[in-house]
Amino acid sequence: MRKKNGREVDRRLLGPVLMGFFIMGFCDIVAPISGRIADEFPAEAQGAVSFLPTMVFLWFLLLSTPMAGLMNRIGRKAMALAGYAFTVAGLVVPYAAGEGCALGWYFFGFGLLGVGNTAIQVAINPLLATIVPGERMTSYLTVGQIFRNTSLLLMAPIVTALVAATGSWRLLLPIYAALTVAGGIWLRFTGVEEPQTRGGAVGMIDCFRLLAHPTVALCAFGVAAFIAADVGIGFLSSRLLDNPDSILTSTGFYACRIVGTIVGAWLLVRYSDVKYLRWNMCGALALATALLFVRSDAAVYLLVGLLGFAMACVFATVYAVATKSAPTKSNEVAGLMIMMIAAGAVSGPAVGALIRIAGDVHYGLLFVMACIGYLVWASFRIETETTTEKTDSHA
């Protein structure tokens, strides 16, 4: 029990909200699982398959601000439950279509999954803020990301076990749908006192106006680069090894990310956000470059895992820097960051195109390296821009 605004907070409320972070991770199965889906279709359909992750991330650009406005009217809990409903539908549709179904069913289902995940992302972080002390919010957000990464960590072992037992990965979809239903029931019957909404909704134009702010712009495109790289790694992780267990590379990636999140939370208390970002992105670029050349299974597992460790706290770090640079525009910063998650939509097509042009799956890493390269550059520019802004404000 901790006090928030003069009253005690029931820790039992945290369970259903943290379950929301676990469910939030379900949309990230699309990139690594697309390799399994690709095996169901002929070579001429592979280009279309690479667009499956696009169907998840496109909706962050189109729906994040309208959903935020709707949430002001219906409440955070109701918005989260609506996101769960879309998530269940998105998981059930391709499964109900049956083995060997048309690719269109995957597009439709994963589109619904993306809509649901947008609603969950819009609602869960503010919902968490209603039940935890403000000074502990960063710590609890870190715990939430651990829950999210755990759902991703479990995906590959579940798929491997399902393939061994049934010959197919597709039972993963109803399993995750059932977990989402359970999470929805848990949240539905948990009483969460929500604050009265004040002020109007933040619009898309309000968010984009912040791109005139140099540090916010660097951070916003940093979020876009991070998400695009993250989805690209997920897309490639099951393709870098030519064996049936290659999907397990994603297990190492997310396991190391959980460790990296815990270590990062400790380091960020002792070192500046910008220094942490700079060290990690330089390391991540070196790891991605090494992956371009190695072919040993053991080396691929090791490098992918270390890459997950290096990428662990990037989103939280960049988000914090942007918020600190525009403290009076925190809602607009949040809206802009959520919209930038849509950058994940370009990863599948871009990586797929590089693979088809080069004829080697490893060359898809060039896209990931370009995204991380931007983050390296931005980590050196952010400190300069922040210093300039402080100088201008005192002039």
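**View 1. Ser347 in helix H16, a residue with no relative accessible area to speak of: 0%.** Ser347 is buried, with a relative accessible area of 0%; buried here means under 20% relative accessible area, exposed means over 50%, and partly exposed is in between (1.4 Å probe, protein chains only). This is a predicted model, where local features need pLDDT of at least 70, side-chain atom pairs count only at pLDDT 80 or more, and totals for chains, interfaces and linings use all residues. Residues are numbered from 1 along each chain as its sequence is written, and side-chain values use heavy atoms, with hydrogens and water left out. Ser347 is part of helix H16; helices (H or I, at least four residues) and strands (E, at least two) are DSSP runs, numbered from the N terminus. Leaving aside residues up to four places away in sequence, Ser347 touches Ile227, Ala228, Val231, Gly232, Gly352 and Phe367, a contact being heavy atoms within 4.5 Å. One of these, Val231, is 116 residues away from Ser347 in sequence, yet the two C-alpha atoms are 6.2 Å apart.

**View 2. Ser50, in the loop between helix H3 (46-49) and H4.** Buried or exposed? Ser50 is buried, at a relative accessible area of 2%. A polar atom of the Ser50 side chain lies 2.6 Å from the backbone oxygen of Gly47. That pair is a polar contact, which takes N or O atoms within 3.5 Å; within protein, one must be able to donate a hydrogen and the other to accept it, and residues adjacent in sequence count only if both atoms are side-chain atoms. Not counting residues up to four places away in sequence, Ser50 also touches Phe235, Gly348, Pro349, Gly352 and Arg356.

**View 3. The salt bridge between Asp28 and Arg148.** Here the two side chains meet at 2.7 Å, N to O; a salt bridge is a side-chain nitrogen of Lys or Arg within 4 Å of a carboxyl oxygen of Asp or Glu. The pair links distant parts of the chain, 120 residues apart: Asp28 sits in the loop between helix H1 (14-24) and helix H2 (30-38), and Arg148 in helix H7 (residues 137-166). Asp28 is buried at 11% relative accessible area, and Arg148 is buried at 13%. By the same rule, the count comes to four salt bridges.

**View 4. Gln145, also in helix H7.** Gln145 is partly exposed, with a relative accessible area of 30%. Its C-alpha is separated by 9.0 Å from that of Leu18, which is 127 residues away along the chain.

**View 5. Arg257 and Asp230, a salt bridge between two helices.** The closest N and O atoms of Arg257 and Asp230 are 2.5 Å apart. Arg257 belongs to helix H11 (residues 249-270) and Asp230 to helix H10 (residues 214-237), with their positions 27 residues apart in the chain. Both Arg257 and Asp230 are buried.

**View 6. Arg295 and Asp360, a salt bridge between two loops.** The side chains of Arg295 and Asp360 meet at 3.4 Å, N to O. Arg295 lies in the loop between H12 and helix H13 (297-310), and Asp360 in the loop between helix H16 (347-358) and helix H17 (365-394), so the pair ties together parts 65 residues apart in sequence. Arg295 counts as partly exposed at 44% relative accessibility, and Asp360 is partly exposed too, at 21%.

**View 7. Helix H12 (residues 273-293), end to end.** H12 has 21 residues and reaches 31 Å from its first C-alpha to its last, close to the expected 30 Å; that expectation is 1.5 Å times one less than the number of residues. Which residues of H12 are buried? They are Asp273, Val274, Tyr276, Leu277, Arg278, Asn280, Met281, Ala284, Leu287, Ala288, Leu291 and Leu292.

**View 8. A nonpolar surface patch made by Leu58, Leu61, Leu62 and Phe208.** The patch covers about 290 Å². Its residues have over 30% relative accessible area and no salt bridge, with nonpolar side chains (Val, Leu, Ile, Met, Phe, Trp, Tyr) joined within 5 Å, while patches of like charges are joined within 9 Å. Areas come from the Shrake-Rupley method with a 1.4 Å probe, and for residues only the protein chains shown count as cover. Helix H4 (residues 52-74) gives the largest share, three residues. Leu62 is found in H4 and counts as partly exposed, at 42% relative accessibility.
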